[in-house]
Amino acid sequence: MAFEPPQRLVRALGETAPSGDDWLEKLPEVAQQAVDLRELTVERVQVPGGRSSLVVLVRRADGTPAVLKLAPRRARPESERAALARWGGLGAVQLVEPFAGEGVLVLERLHPDVSVRSLPEAKALLEAAGTLRRLWVEPPGDHAFETVAERTGRQARVMRDSGGGSGGAEVASLVSAALEAREALLAAPPEVRLLHGTFRQSKVLAAERVPWLAVGPDPVVGECAFDLARLVRDRVEDLIATPSGASTTRRRIKRLAESLDVDQERLRGWTLFRAVESGVRALRVGRPRDAELLLEFAGWL
């Protein structure tokens with residue numbers, strides 16, 4: 001079988017690939033080797049798939065359905081492996097093989113085409129929040145996970161250097177507000193937990209052993225409000241399209257904060273930072289429509 005990477009993956013990696021990176025070119029060969037080594041039967045490549053890895057639906061030698069996932073080093077697959085091992089299937093997809101090789105994960109098969117995003121908004125938020133709560137556990141004492149301070153520090157340096165880029169004074173003002181919020185939030189974090197890192201509705205898939213399980217973490221260690229902040233802006237295009245989008249966002253922050261025992265102002269602050277960071281990044285890589293949505297959303301906060 002030809003392991004053709006989906007265009008979504010090609011575009012996303014093209015935005016971040018360092019000079020000389022040849023991971024995509026080697027991907028078909030690496031995928032075939034991973035399949036042959038485990039005597040897997042390939043069903044199909046998942047399309048549109050993710051933005052950082054190739055996901056292949058397979059069956060193991062005994063006929064058990066599974067997922068073969070291949071990711072470049074910059075997507076931190078070994079960090080994902082460590083987080084999934086820590087969660088042990090509680091709230092998240094399980095590892096089928098503890099170690100399948102560098103950049104190679106073999107996972108239990110969920111229902112890849114059914115996420116909580118398919119539910120009505122209120123129900124989707126409820127189910128997603130319940131799944132996220134189960135992931136917030138103590139990190140191992142000897143962990144090597146990136147911290148929220150480290151990750152947002154890298155992001156803040158890029159934001160500061162860009163100064164809003166081509167977005168003008170309004171974007172520059174949002175960048176300043178986001179950087180100030182980050183500094184204040186890092187001064188006294190309320191707890192340290194293992195976080196999913198990139199949690200949103202599309203990262204929660206229907207499963208057999210429980211109704212919903214999280215997939216695709218980019219784990220980080222820090223406070224819970226940071227993790228929840230990405231969920232606040234889910235379906236941002238729908239929020240922007242409605243006259244009540246700003247008030248709906250404020251109610252969403254309040255409802256999510258109360259349901260998960262997170263400080264409302266800290267959640268608002270991290271939501272601001274993460275929305276501005278994503279918006280500025282979208283501007284930088286040439287996605288002006290995404291940037292416009294994200295920065296308008298950030299302006300409500």
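Here are a few exercises, each with a worked solution, on the structure above.

The model is predicted, so local features need pLDDT of at least 70 and side-chain atom pairs count only at pLDDT 80 or more, while totals for chains, interfaces and linings use all residues. Residues are numbered from 1 along each chain as its sequence is written, and side-chain values use heavy atoms, with hydrogens and water left out.

**Exercise 1: Helix 9**

Work out what span helix 9 should have, and find which of its residues are buried.

*Solution.*

Step 1. Start with what counts as a helix: helices (H or I, at least four residues) and strands (E, at least two) are DSSP runs, numbered from the N terminus.

Step 2. Take the expected span, which is 1.5 Å times one less than the number of residues. Helix 9 covers residues 245-259, so its 15 residues should span 21 Å. The end C-alpha atoms are 21 Å apart, and that agrees.

Step 3. Now pick out the buried residues (buried is under 20% relative accessible area, exposed is over 50%, partly exposed is in between, with a 1.4 Å probe and protein chains only). In helix 9 they are Gly245, Ala246, Thr248, Thr249, Arg252, Ile253, Leu256 and Ala257.

Step 4. Look down the axis of helix 9: these buried residues fall within an arc of 160°, so they line one face of the helix. The arc is taken from the directions from the helix axis to the C-beta atoms.

Step 5. Check what that face packs against, using contact (heavy atoms within 4.5 Å). The partners are helix 4 (121-135), helix 7 (224-232), helix 8 (236-241), helix 10 (264-284) and helix 11 (288-299).

Step 6. Go just past the end of helix 9, and you find Asp261 with a positive phi of about 55°.

**Exercise 2: Glu80**

Is Glu80 buried or exposed, and which residues is it in contact with?

*Solution.*

Step 1. Place the residue: Glu80 lies in helix 3, residues 77-87.

Step 2. Read off its accessibility: the relative accessible area of Glu80 is 5%, so it's buried.

Step 3. Set aside the neighbours within four places in sequence, and Glu80 is in contact with Lys69, Leu105, Gly216, Pro217 and Pro219.

**Exercise 3: Aromatic rings**

Find which rings form a cluster with Trp270.

*Solution.*

Step 1. Get the rule straight: rings of Phe, Tyr and Trp (its six-membered ring) pair if their centres lie within 6.5 Å; planes under 30 degrees apart are stacked, over 60 edge-to-face, and the rest tilted. Searching the whole structure turns up 3 aromatic pairs.

Step 2. Take Phe226 and Trp270: they sit 5.2 Å centre to centre with 90° between the planes, an edge-to-face pair. This pair links distant parts of the chain, with Phe226 in helix 7 and Trp270 in helix 10, 44 residues apart.

Step 3. Move on to Trp270 and Phe273: their ring centres are 5.9 Å apart and their planes are at 90°, so this pair is edge-to-face. Both residues lie in helix 10, 3 residues apart, about one turn of the helix.

Step 4. Put the pieces together: Phe226, Trp270 and Phe273 form one aromatic cluster. Phe226 is buried at 1% relative accessible area, Trp270 is buried at 0%, and Phe273 is buried at 0%.

Step 5. Look for a charge over a ring (NZ of Lys or CZ of Arg within 6 Å of the ring centre and within 35 degrees of the ring normal). The charged end of Arg274 sits over the ring of Phe226, 4.2 Å from its centre.

**Exercise 4: Salt bridges**

How many salt bridges are there, and where do Arg109 and Glu43 lie?

*Solution.*

Step 1. Recall the idea: side chains of opposite charge can pair when their charged atoms come close.

Step 2. Apply the rule (a side-chain nitrogen of Lys or Arg within 4 Å of a carboxyl oxygen of Asp or Glu). The count comes to 26 salt bridges.

Step 3. Try Arg109 and Glu43, whose closest N and O atoms are 3.1 Å apart. Arg109 is in the loop between strand 4 (104-108) and strand 5 (111-115), and Glu43 is in strand 1 (residues 41-45), 66 residues apart. Arg109 is buried at 18%, whereas Glu43 is partly exposed at 37%.

Step 4. Finish with a network: salt bridges link Arg76, Glu146, Arg151, Arg154 and Asp218.
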